[in-house]
Amino acid sequence: VRKPAAPLQMRAFFAAFRQKNSSWSQKLLAALPSKDPCTELFCCIIEAGRHFADMAVQVRYGDAIDRPHIRWHCDGPSSLLRLALQAHGTRALHLKDSQASGEPPHHVGWQEPGDVCLSAPLAFQYGVQYPATDWQHPTVAVECRALLTKAEHQLLLMHYTALEKLLHTVSKALSQAHLQLPSL
């Protein structure tokens, strides 16, 4: 799918984010499990600067979506690492902890303009709650995922066991990350 390029300032911000946190990326690469097709592809993505390079601007307005009406889902392989920036308005990210016994605990994090969320939503179910807004005051978020070709996406899906191992390492690295935001 061909999409128009994000505005230059937005691309510059996320390129600066990758550069400012390159030491974390290098530590992540060093901690990866044995080489398998998923790990090799992930290394190529990081080394080529394609992590956080597939940007989607999400604009939402209209009636509120409250907790009972949240659409729960997991993202696909391009969200092995995802960086979300809340640009305008507010929204709440709800997630279920699948590692808990019994009924999964439910966590909620409200996002305000300027907030950033770094996660791996391939690993957990989540949904988004929105307040009622109108067209003049929409909720706007920028979601940045790995830039994958169709073949790379299929490769990750075909090697799901290896992808799960990779995801474990990425999740551990995320829990220990002390990332910095750039200023332009």
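Here is a walk through this predicted model, from the overall fold down to one helix pair and one cavity.

Let's begin with the big picture. The protein has five helices and seven strands. If you trace the chain along the sequence, the order is α-α-α-β-β-β-β-β-β-β-α-α, with the strands coming as one run between helices. As for overall dimensions, the C-alpha atoms fill a box of roughly 50 × 45 × 35 Å along the principal axes. Is that what you'd expect of a compact globule? A chain of 184 residues folded that way would have a radius of gyration near 16 Å, and the protein comes in at 17 Å, so the two agree.Now zoom in on a pair of helices. Two packed helices are described by the angle between their axes and the distance between those axes. Here the pair is H3, covering residues 37-47, and H4, covering residues 150-158. Their axes lie 9 Å apart and make an angle of about 145°, and H3 passes H4 in a left-handed crossing.

Which residues in H3 and H4 meet? On the H3 side you'll find Pro37, Cys38 and Leu41, and on the H4 side Glu152, Leu155 and Leu156. Sorted by character, the residues of this contact come out as five nonpolar, no polar and one charged. Glu152 is the charged one, because Glu counts as charged.

Some of these names come back when you look for empty space inside the protein. A search of the whole structure turns up one cavity of 30 Å³ or more, and the largest cavity holds about 60 Å³ of space. What lines the largest cavity? The lining is made of Cys38, Phe42, Ile45, His51, Pro77, Leu80, Leu81, Ala146, Leu148, Leu156 and Leu166. H3 gives the most to this lining, with three residues. By character, the lining divides into 10 nonpolar residues, one polar and no charged.

Put the two views side by side and you can see a link: Cys38 of H3 and Leu156 of H4 take part in the helix contact, and Cys38 and Leu156 also line the largest cavity.

Terms used:
Residues are numbered from 1 along each chain as its sequence is written. This is a predicted model: local features need pLDDT of at least 70, side-chain atom pairs count only at pLDDT 80 or more; totals for chains, interfaces and linings use all residues. Side-chain values use heavy atoms; hydrogens and water are left out. Axes are lines fitted to C-alpha atoms, for helices over the stretch in contact, and angles run from 0 to 180 degrees between N-to-C directions. Helices (H or I, at least four residues) and strands (E, at least two) are DSSP runs, numbered from the N terminus. A crossing is left-handed if the near helix is turned anticlockwise from the far one by less than a right angle, and right-handed if clockwise. Contact means heavy atoms within 4.5 Å. On a 1 Å grid over the protein atoms alone, a cavity is a set of points where a 1.4 Å probe fits but cannot get out, and a pocket is an open set with protein on both sides within 12 Å along at least five of seven lines; lining residues have an atom within 4 Å of a point. Grid points are joined across faces, edges and corners, and a volume is the space filled by probe spheres set on the points. The radius of gyration is taken over C-alpha atoms; the globule rule is 2.2 Å times the number of residues to the power 0.38.
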